[in-house]
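Hi,

Here is the structure I said I would pass on. Have a look at it first, and then read my notes underneath.

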Amino acid sequence: LVVCPTSVLPTWLAEIRRFRPKLRAASYHGAGRALDADADVTVTTYALLRIEQKRLTATDWDTVILDEAQMIKNQDSQVARAAYRLRARFRLTLSGTPVENRLEELWSQFHFTNPGFWADARTFRRATRVPSLARRPERRCDWPRRFGPSCSVV
């Protein structure tokens with residue numbers, strides 16, 4: 001299952017046909033929508049995930065991909081809660097803009113891909129909070145040590 005913004009649904013279908021022409025791709029969109037049990041890939045939208053969550057969460061998917069996953073940044077939104085309920089053996093989020101306002105927006109994506117890894121949003125906030133250097137200069141290099149050399153305190 002691929003969940004994406006409505007504007008890129010046709011692009012997903014075209015790219016599947018282009019790169020994997022033997023896969024049967026189906027769109028779950030529009031007035032006469034129905035899940036195609038024979039489809040290898042089903043592409044739908046965030047709006048339909050929210051509206052049709054009962055049907056989409058009743059299916060056991062092999063893989064679920066959330067494209068433009070910042071759409072679930074608000075953990076309490078209906079679409080995020082519907083995404084968390086999707087059943088899949090493998091989950092993947094794609095986003096070119098993972099953090100728009102606050103680091104906590106990433107928790108929702110982590111919770112989708114690895115449910116329970118960060119326990120809850122509060123635990124994530126505590127673990128990823130960059131301490132104020134003015135108040136605690138001794139922790140200046142704590143972030144890179146904890147999360148790897150590619151991270152830095154800005």
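At the start of helix H6, a side-chain oxygen of Asp-120 comes to within 3.2 Å of the backbone nitrogen of Arg-122. Before you zoom in, bear in mind that this is a predicted model.

Staying with H6, which spans residues 121-128, you'll find Ala-121, Phe-124, Ala-127 and Thr-128 buried. Those four sit on the same side of H6, because they cover an arc of only 125 degrees around its axis.

Next, have a look at strand S3. Which of its residues are buried? Five of its five are, so the strand is mostly covered. In a regular strand, the side chains alternate between the two faces of the sheet. Both faces of S3 are covered here: Val-41, Val-43 and Thr-45 are buried on one side, with Thr-42 and Thr-44 buried on the other.

What does S3 pair with? Strand S1 (residues 2-4) runs parallel to S3, with three bridges between them, and in that pairing Val-3 stands opposite Thr-44. Strand S2 (residues 25-27) is also parallel to S3 and joined to it by three bridges; there, Ser-27 is found opposite Val-43.

Thr-42 is a good residue to click on in S3, which covers residues 41-45. Why does Thr-42 count as buried? Its relative accessibility is 5%, and the cut-off for buried is under 20%. Leaving aside residues up to four places away in sequence, Thr-42 touches Leu-1, Val-2, Ala-26, Tyr-28, Leu-35 and Trp-61.

Now for the charged residues. Side chains of opposite charge can pair when their charged atoms come close. How many salt bridges are there? The count comes to six, and here are some of them:

- Arg-18 and Glu-15 meet through their side chains at 3.4 Å, N to O. They are three residues apart in helix H1 (residues 9-19), so about one helical turn separates them. Arg-18 is exposed, with a relative accessible area of 59%, whereas Glu-15 is partly exposed at 30%.

- Glu-52 and Arg-55 form a salt bridge with an N to O distance of 4.0 Å. Glu-52 counts as buried at 16% relative accessibility, while Arg-55 is partly exposed at 41%. Both also belong to a network of salt bridges that links them with Arg-33.

- Asp-60 pairs with Arg-87, and their closest N and O atoms are 2.5 Å apart. This salt bridge links distant parts of the chain: Asp-60 lies in strand S4 (residues 60-67) and Arg-87 in strand S5 (residues 87-94), 27 residues apart. Asp-60 is exposed, with 59% relative accessible area, and Arg-87 is partly exposed at 38%.

If you only have a minute, I'd begin with S3, where both faces are covered, and then go to the salt bridge between Asp-60 and Arg-87. After that, turn to H6 and find Asp-120 at its start, with the side-chain oxygen that reaches towards the backbone nitrogen of Arg-122.

Cheers

Conventions: Residues are numbered from 1 along each chain as its sequence is written. This is a predicted model: local features need pLDDT of at least 70, side-chain atom pairs count only at pLDDT 80 or more; totals for chains, interfaces and linings use all residues. Side-chain values use heavy atoms; hydrogens and water are left out. Helices (H or I, at least four residues) and strands (E, at least two) are DSSP runs, numbered from the N terminus. Buried means under 20% relative accessible area, exposed over 50%, partly exposed in between (1.4 Å probe, protein chains only). Contact means heavy atoms within 4.5 Å. The arc is that of the directions from the helix axis to the C-beta atoms. A polar contact is a pair of N or O atoms within 3.5 Å; within protein, one must be able to donate a hydrogen and the other to accept it, and residues adjacent in sequence count only if both atoms are side-chain atoms. Two strands pair if DSSP finds at least two bridges between them.
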